Structure formats: C-alpha cells, structure tokens
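Q: I have a chain open on my screen and would like to talk it through. Could you start with the vocabulary and then go on to the structure?

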Amino acid sequence: MNWILLVIAGLFEVAWAIGLKYSHGFTRTTPTAFTVVCMAFSFVLLAQALKTIPVGTAYAVWTGIGAAGTAVLGIWLFGESRELARILCLLLIVCGIAGLKITSSQ
C-alpha cells in the first residue's frame with residue numbers, strides 16, 4: 001500500500017511542478033492554490049510512505065517520478081525538446097525507479 005501512496009505522491013509532485021508554470025510566479029490565484037494543495041498532498045503522502053519504505057529509496061522514486069513526469073508533460077503541454085538523447089535520459093530515470101522498486105525489500 002505504501003508503494004501506491006509513494007506513486008501517488010510522485011504524481012502530485014508532477015502536478016505541483018506544472019502548476020508552478022501556470023501560476024506565473026504565484027501571480028495567478030487559481031493555479032497558485034492548485035500548486036499549494038498539490039504540494040501539501042505530495043508531502044503528506046510521501047511522509048506516509050516513509051513509514052515502511054527506506055528514505056533513500058522513497059525519495060529517489062518520488063523525485064524520479066516528479067522529474068520524469070514533469071519532463072514528459074513539458075514536452076506535451078509546452079512543446080519542449082523531443083530530442084532522442086532527452087527521451088533516452090528520461091527512460092534511464094524510469095529504469096532507475098523500476099530498479100529501486102525491484103531491489104527494495106519493502
């Protein structure tokens with residue numbers, strides 16, 4: 001169950017990172033509120049997951065989901081670079097996340 005919470009926490013991290021872009025430096029009320037709420041959910045769920053998942057593994061997975069997810073949405077929503085090298089690097093992040101899950105004893 002805590003792995004599911006960790007994945008959801010990572011998805012909320014993606015949501016707040018994208019929300020930061022839409023908030024325009026916290027000058028837009030609705031995107032700013034969305035960002036803050038997503039941050040809170042992300043941290044609370046991460047804290048719950050840390051009850052049983054080792055901190056190094058959990059933090060790496062959480063930030064990996066956030067980084068990869070935000071990069072993918074950046075490509076899709078904002079037309080960011082789709083260069084092959086960039087895509088391969090994102091795949092390496094995903095492989096690292098999978099590897100941490102596979103090798104975790106939790």
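A: Helices (H or I, at least four residues) and strands (E, at least two) are DSSP runs, numbered from the N terminus. This is a predicted model, in which local features need pLDDT of at least 70 and side-chain atom pairs count only at pLDDT 80 or more, while totals for chains, interfaces and linings use all residues. Residues are numbered from 1 along each chain as its sequence is written, and side-chain values use heavy atoms, with hydrogens and water left out.

Q: How many helices and strands does the protein chain have?
A: The protein chain has four helices and zero strands, so that from the N terminus on its elements run α-α-α-α. Its C-alpha trace spans about 45 × 35 × 15 Å along the principal axes.

Q: And where is Ile 87 found?
A: Ile 87 lies in helix α4, which covers residues 84-103.

Q: Is Ile 87 buried, exposed or partly exposed?
A: Ile 87 counts as partly exposed because its relative accessibility is 32%, and the classes are buried under 20% relative accessible area, exposed over 50% and partly exposed in between (1.4 Å probe, protein chains only).

Q: Which residues form a nonpolar patch with Ile 87?
A: Leu 84, Leu 88 and Leu 91 join Ile 87 in a nonpolar patch on the surface, and together the four have about 370 Å² of accessible area. Areas come from the Shrake-Rupley method with a 1.4 Å probe, and for residues only the protein chains shown count as cover. Patches are made of residues with over 30% relative accessible area and no salt bridge (a side-chain nitrogen of Lys or Arg within 4 Å of a carboxyl oxygen of Asp or Glu); like charges are joined within 9 Å, and nonpolar side chains (Val, Leu, Ile, Met, Phe, Trp, Tyr) within 5 Å.

Q: Switching to the inside, which residues have the most contacts in the largest nonpolar core?
A: Leu 6, Leu 46, Ile 53 and Val 61 have the most contacts inside that core, which has 13 residues. Helices α1 (2-23), α2 (29-49) and α3 (55-78) each supply at least two residues of this core. A nonpolar core is a set of buried Ala, Val, Leu, Ile, Met, Phe, Trp, Tyr and Cys residues joined through side-chain atoms within 4.5 Å.

Q: What does Leu 46 touch?
A: Not counting residues up to four places away in sequence, Leu 46 touches Leu 6, Ala 9, Ala 58 and Trp 62, where contact means heavy atoms within 4.5 Å.

Q: What about Val 14, buried or exposed?
A: Val 14, in helix α1, is buried because its relative accessible area is 7%. With residues up to four places away in sequence set aside, Val 14 touches Ile 65, Gly 66, Gly 69, Thr 70 and Leu 73.

Q: And what does Thr 57 contact?
A: Leaving aside neighbours within four places in sequence, Thr 57 is in contact with Trp 3, Leu 100 and Ser 104. Thr 57 is found in helix α3 and is buried, with a relative accessible area of 15%.

Q: Last topic: how many disulfides are there?
A: The count comes to zero disulfides, a disulfide being a pair of cysteine sulfur atoms within 2.5 Å.

Q: Why is Cys 89 not in a bond?
A: The closest cysteine sulfur to that of Cys 89 is in Cys 95, and because it is 12 Å away, it is too far for a bond. Cys 89 is partly exposed at a relative accessible area of 45%, whereas Cys 95 is exposed at 52%.
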